[in-house]
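Student: I should like a close look at a single part of this model, with the criteria behind each term stated. Please choose one part and follow it through to its surroundings.

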Amino acid sequence: LITDIGRDIDDTIALFALRATSAIDFVGVVTTGGSTLTRAKQARSWLRHLGVEDSECQVAAGPDFADPPFAKSRSYGTCAHVEHLYHDDSTGDFALHHDSSKLILSLAEKYGKKLTIMGIGPLSPLSEALDRDDKGSLKRIGALHLQGTVHIDTTPRHGADGEGAVHGAGGGVNAGAGAGAG
């Protein structure tokens, strides 16, 4: 799961909903969107509250950018500090995994087609992992699901110039890579 958990309730609700799905086992969470160490602490704490053992799921704090590589957002780096949700120290497994792209690639290598990556936050860590994927591990994952507001229609449509087109529409993005994609 790639998430910017911590600013709004939506990613926390998504985490709870995904955990309630018996077919899903969390093996890794990467935080993104600025203030990533605080977000990682929140993700780890919520996972613990949901009964996910630290040894079952690695948590990585993605990079914090002084000048974010994605579209500027007023919310970049904005993360709520929740009193008593987590210990305010830098220990814990996320302190060992500052290299989020390395975590993504190691999970892709380990799980292959069994791995589904879900992106519900800025995808900078995934982009970095793609840049570093010299083994092609990400091409062999089971599925990639992305949150968004664009529908990608691959049905050929011909305009006045006879060229195909991709059209935007309301709804979510569901970009599949192999089995399990819809």
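Tutor: A residue is termed buried at under 20% relative accessible area, exposed at over 50%, and partly exposed in between (1.4 Å probe, protein chains only). The model is predicted: local features need pLDDT of at least 70 and side-chain atom pairs count only at pLDDT 80 or more, while totals for chains, interfaces and linings use all residues. Residues are numbered from 1 along each chain as its sequence is written, and side-chain values use heavy atoms, with hydrogens and water left out.

The part chosen is helix α1, residues 10–19; helices (H or I, at least four residues) and strands (E, at least two) are DSSP runs, numbered from the N terminus. Its buried residues are Asp-11, Thr-12, Leu-15 and Leu-18. These line one face of α1, because their directions, seen down the helix axis, fall within an arc of 130°; the arc is taken over directions from the axis to the C-beta atoms. An α-helix has 3.6 residues a turn, so residues three or four places apart point the same way. The cover over the buried residues of α1 includes β1, α2 and β4 (116–119), a contact being heavy atoms within 4.5 Å.

The strands on either side of this helix in sequence come next. Strand β1 (residues 2–3) runs parallel to β2 and is joined to it by 2 bridges, strands being paired if DSSP finds at least two bridges between them. Thr-3 has Thr-31 of β2 as its bridge partner. Passing from β1 through α1 to β2, the chain makes a right-handed β-α-β crossover: with the strands pointing away from the viewer, the path from the first strand over the helix to the second runs clockwise.

Strand β2 (residues 28–31) is covered on both faces, with Gly-28 and Val-30 buried on one side and Val-29 and Thr-31 buried on the other. In a regular strand the side chains alternate between the two faces of the sheet. β2 also pairs in the parallel sense with strand β3 (residues 58–61), over 4 bridges, and Val-29 stands opposite Val-59 there. Helix α2 (residues 36–49) forms a right-handed β-α-β unit with β2 and β3.

Helix α2, one of the elements covering α1, also takes part in ionic pairing. A salt bridge is a side-chain nitrogen of Lys or Arg within 4 Å of a carboxyl oxygen of Asp or Glu, and the whole structure contains 4 of them. In one, Asp-54 meets Arg-44, with the closest N and O atoms 3.5 Å apart. This pair links distant parts of the chain, 10 residues apart: Asp-54 lies in the loop between α2 and β3, and Arg-44 in helix α2. Arg-44 is buried, at 1% relative accessible area, whereas Asp-54 counts as partly exposed at 30%. Asp-54 also forms a salt bridge with Arg-48, at 2.7 Å from N to O; Arg-48 is partly exposed, with a relative accessible area of 43%.

For the wider setting, the protein chain has 4 helices and 5 strands, arranged along the sequence as β-α-β-α-β-α-β-α-β. Of its 182 residues, 38% count as buried. Among its contacts with a separation of 6 or more, 75% come from residues 24 or more positions apart.
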